[in-house]
Amino acid sequence: NCFIYAKEPKKKEINLDVNVKNFKLHKENLVKKLEKILSPLFYQTQKRIEEKLFETKITQTVDEEKSTFTLENEKGKSSFTVSCPGYTKINIEIIHDIKNSELKAEKLFVDKEEINEEKIEYLLDSFIKHFQNYINN
């Protein structure tokens, strides 16, 4: 009879405080990056389209939890919402709720490395064009 004695594997200690601090720091940096992009972009976009979208209420909010750009008139309401629940992906949710039409919704996930002003501006402009098409049909 031959016995082999195995050593108990060493347990790797994980410092949860450091991991939590790193997560919070990464998330904080991502939120700041998004705010720097979204705040001026939403404002400039609102100023640019206000005169083109008659009788449409345009609202925008930018904060740590989520940032939303909303278009609303008597024909319906559409919202473009950006949020970052973690620190690797950014969620973009687009909802068009137009009267006499079915609800249209889509959710995009963008890697934080891929996010930039041009990409968000393209998506926001596309969102506005879709709103215009939906209310004019």
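In which loop is glutamate 55 found? In this predicted model, glutamate 55 belongs to the loop between H1 and E1. Its backbone carries a positive phi of about 55 degrees, although the residue is not a glycine. Glutamate 55 has a relative accessible area of 67% and is therefore classed as exposed, since the threshold for that class is over 50%. A second residue other than glycine with a positive phi is asparagine 100, where the angle is near 60 degrees. Asparagine 100 is placed in the loop between strand E4 (89-98) and strand E5 (104-111). With a relative accessible area of 87%, asparagine 100 is likewise exposed.

From the loop that holds glutamate 55, the description may turn to the elements on either side. Helix H1 spans residues 16-49, and threonine 45 is one of its residues. Threonine 45 counts as buried because its relative accessibility is 1%, and the buried class covers values under 20%. The side chain of threonine 45 comes to 2.7 Å from the backbone oxygen of leucine 41. When residues up to four places away in sequence are not counted, threonine 45 touches Phe69, Leu124 and Ile128.

Phenylalanine 69 leads to the strands. This residue lies in E2, where it stands opposite glutamine 60. Strand E1 comprises residues 57-62 and strand E2 residues 66-73; the two run antiparallel and are joined by six bridges. The connection from E1 to E2 is a hairpin of three residues.

Phenylalanine 23 offers another view of helix H1, in which it is found. At 34% relative accessibility, phenylalanine 23 is counted as partly exposed. Its C-alpha atom is 8.3 Å from that of glycine 86, although 63 residues separate the two in sequence. Apart from neighbours within four places in sequence, phenylalanine 23 makes contact with Pro85, Gly86 and Tyr87.

Phenylalanine 23 and Pro85 both appear in the lining of the largest pocket. How large is the volume of this pocket? The value is about 230 Å³. Besides these two residues, the lining includes Lys24, Lys27, Glu28, Val31, Lys32 and Glu35, together with Glu64, Glu65, Ser83 and Cys84. Helix H1 gives the most to this lining, with seven residues. By class, the lining of the largest pocket consists of seven charged, four nonpolar and one polar residue.

The structure also holds one cavity of 30 Å³ or more. The largest cavity contains about 70 Å³ of space. Which elements each supply at least two residues of its lining? They are H1, E2 and strand E3 (76-83), and the largest share, four residues, comes from H1. Among the lining residues of the cavity are Val31, Leu34, Glu35 and Leu38, as well as Asp63, Glu64 and Glu65. Lys66, Ser67, Val82, Ser83 and Cys84 also line the cavity. By class, five of the lining residues are nonpolar, two are polar and five are charged.

The two linings have residues in common. Val31, Glu35, Glu64, Glu65, Ser83 and Cys84 occur in the lining of the pocket and also in that of the cavity. In each case helix H1 is the leading contributor, with seven residues for the pocket and four for the cavity.

Note on methods: Residues are numbered from 1 along each chain as its sequence is written. This is a predicted model: local features need pLDDT of at least 70, side-chain atom pairs count only at pLDDT 80 or more; totals for chains, interfaces and linings use all residues. Side-chain values use heavy atoms; hydrogens and water are left out. On a 1 Å grid over the protein atoms alone, a cavity is a set of points where a 1.4 Å probe fits but cannot get out, and a pocket is an open set with protein on both sides within 12 Å along at least five of seven lines; lining residues have an atom within 4 Å of a point. Grid points are joined across faces, edges and corners, and a volume is the space filled by probe spheres set on the points. Ala, Val, Leu, Ile, Met, Phe, Trp, Tyr, Cys and Pro count as nonpolar, Asp, Glu, Lys and Arg as charged, and the others, Gly among them, as polar. Buried means under 20% relative accessible area, exposed over 50%, partly exposed in between (1.4 Å probe, protein chains only). A polar contact is a pair of N or O atoms within 3.5 Å; within protein, one must be able to donate a hydrogen and the other to accept it, and residues adjacent in sequence count only if both atoms are side-chain atoms. Contact means heavy atoms within 4.5 Å. Two strands pair if DSSP finds at least two bridges between them.
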